[in-house]
Amino acid sequence: MKPLHILIALFTITITTPALAGQTITVGVNGMVCDFCARALEKVFAKQDAVESISVNLDEKTVLVNVKDAETISDEDVTKLINDSGYDVRSITRTEEDSDEPAL
Amino acid sequence: MKRLICLGIGLLVYAIPVETYARPVSYPGGWTVSQTNNGEANTLLLHYSPTARYSLGYKFEYWRDGDFTVNALQMNNLLKRWNNEESQANLYLKSGIGIAHGDHETSPAAYTGLATDWEDRRFFASYENRYTEAGDVDDFFTQSARVGVAPYIGNYGDIHTWLMLEVSHAPENDEKITITPLVRFFKGVQLLEAGMTNHGEVLLNAIYRF
């Protein structure tokens, strides 16, 4: 195969492969009633290498954990982190964030 | 006997869902500094929480009625937490050991007490008691209860406001019952409380977590 063909093939693969974005985990948390609770969960999750960012919603009593690309956190680990922070898990929902946009 | 009666009353009242002044245990690896000033005492507490179950710290207290100070190592244990979707309740044991300094005496000192609280985002209630033994310097029992209501409900990061009423009982003080209406402002990791007792004394408390 000529070098030009290889370049064209690589370009084609690149523009048709979805980007591997991180996963979003929505955790329903019991006992989360104040800013101290929210701060505690932020601090504990922020120490995890796999965590890109975290957002706490006191109205919904949920914690939104954005996981870094190619990383993962198991339900067991999420539950342990919440319990270690002093709270209980009500639910865990995962959303894959694979993008249809080409990675350029 | 008098002390036992007071302790009994305290434990009885304790069965009613009521609070601690503010959560005495933080998240794992969290530090807390708190300062309280009221009609009874001025205190400063710095504590560290290795886990969410207990904290260790240093506490300084100046007790106005007895005119003495206490320097102590304090340990707070979360005995039980009830996490519900809309509310949280806690039971703590708070104990300290140190040295008391009076006008002419210095004595080993120790104190212990139970604290409990219940809160959702609208209402708050708490109760705590404490027995202090400081040898020749002083020994006494105190207890206090609070109720509170939030006039509006804010989300994380907003300024939260609470209107509260505290009733404290110090059987050995000249003023045995003190009633303090106060307002609590709470934002992120900072908490500030200000009030005025029925004896005309100012209450000013602050907490910062890091």
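Trainee: In chain B, what percentage of the contacts with a separation of 6 or more comes from residues 24 or more positions apart?
Mentor: Keep in mind that this is a predicted model. Chain B has one helix and twelve strands, and along the sequence the helix comes before the strands, in the pattern α-β-β-β-β-β-β-β-β-β-β-β-β. Of the contacts in chain B with a separation of 6 or more, the share from residues 24 or more positions apart is 46%.

Trainee: And how much of chain B is buried?
Mentor: Start with the outside: the accessible surface of chain B is about 9600 Å², and carbon and sulfur atoms hold 65% of that. As for the inside, buried here means under 20% relative accessible area. Out of 210 residues in chain B, the buried ones make up 51%.

Trainee: Over in chain A, which residues of helix H3 are buried, and why do they line one face of the helix?
Mentor: Helix H3 of chain A covers residues 75–85. Look down the axis of H3(A) and the buried residues fall within an arc of 95 degrees, so they line one face. Those residues are Val78(A), Leu81(A), Ile82(A) and Ser85(A).

Trainee: What covers that buried set, and which strand of chain B is included?
Mentor: From chain A, the cover includes strand S2 (23–30), helix H2 (35–46) and strand S5 (88–96). Chain B contributes as well, through residues 68–83. That stretch is strand S4 of chain B.

Trainee: Which residue follows H3(A), and what is its phi?
Mentor: The helix runs over residues 75–85, and Gly86(A) follows it. Its phi is positive, near 105 degrees.

Trainee: Which element gives the most residues to the largest nonpolar core?
Mentor: That core has 30 residues, and those with the most contacts inside it are Val29(A), Met32(A), Leu41(A), Phe45(A), Val63(A) and Ile82(A). At least two residues each come from S2, H2, strand S3 (51–57), strand S4 (62–67) and H3 of chain A. The top contributor, with seven residues, is H2(A).

Trainee: Met32(A) is on that list, so which residues beyond its neighbours within four places is Met32(A) in contact with?
Mentor: Some of its partners are also among the core residues with the most contacts, namely Leu41(A) and Val63(A). With neighbours within four places set aside, Met32(A) is in contact with Cys37(A), Leu41(A), Val56(A), Asn57(A), Leu58(A), Lys61(A), Thr62(A), Val63(A) and Tyr87(A).

Trainee: How many residues are in the second core?
Mentor: This one is separate from the largest core. Among its members are Ala41(B), Trp63(B), Ala134(B) and Phe140(B). The total is eleven residues.

Trainee: Which residue pairs with Lys80(A) in a salt bridge?
Mentor: Side chains of opposite charge can pair when their charged atoms come close. Both partners lie in H3 of chain A, four residues apart, about one turn of the helix. The N to O distance is 2.7 Å, and the partner, partly exposed at 36% relative accessibility, is Asp84(A).

Trainee: How far apart are the closest N and O atoms of Lys59(B) and Glu61(B), and are these residues buried or exposed?
Mentor: This pair is one of 13 salt bridges over all chains. Lys59(B) and Glu61(B) are both buried. Their closest N and O atoms are 3.3 Å apart.

Trainee: Which network does the salt bridge of Glu193(B) and Arg146(B) belong to?
Mentor: Glu193(B) sits in strand S11 and Arg146(B) in strand S8 (residues 138–149) of chain B, so the pair ties together parts 47 residues apart in sequence. Glu193(B) is buried at 0% relative accessible area, and Arg146(B) is buried at 3%. Salt bridges with shared partners make one network of Arg146(B), Glu166(B), Arg184(B) and Glu193(B).

Trainee: What is the area of the nonpolar surface patch?
Mentor: The patch is made by Tyr152(B), Ile159(B), Phe185(B), Leu192(B), Met196(B), Val202(B) and Leu204(B). Strands S11 (190–196) and S12 (202–209) of chain B supply at least two patch residues each. Leu204(B), in S12, is partly exposed at 41% relative accessibility. The area is about 630 Å².

Trainee: Where is Ala70(A), and what is its phi?
Mentor: Most residues other than glycine have a negative phi. Ala70(A) lies in the loop between S4 and H3 of chain A and is exposed at 80% relative accessibility. Its phi is positive, about 65 degrees.

How values were computed
Residues numbered from 1 in each chain as written. Chains lettered and ligands numbered in written order. Predicted model: local features only at pLDDT ≥ 70, side-chain atom pairs only at ≥ 80, totals over all residues. Heavy atoms only, no water. Buried < 20%, exposed > 50% of the residue type's maximum accessible area, 1.4 Å probe, protein only. Arc of directions from axis to C-beta. Contact = heavy atoms within 4.5 Å. Patch = residues over 30% accessible without salt bridge, like charges linked within 9 Å, V, L, I, M, F, W, Y side chains within 5 Å. Areas by Shrake-Rupley, 256 points an atom, 1.4 Å probe, with all protein chains shown as cover. Salt bridge = Lys/Arg side-chain N within 4 Å of Asp/Glu carboxyl O. Core = buried A, V, L, I, M, F, W, Y, C linked by side-chain atoms within 4.5 Å.
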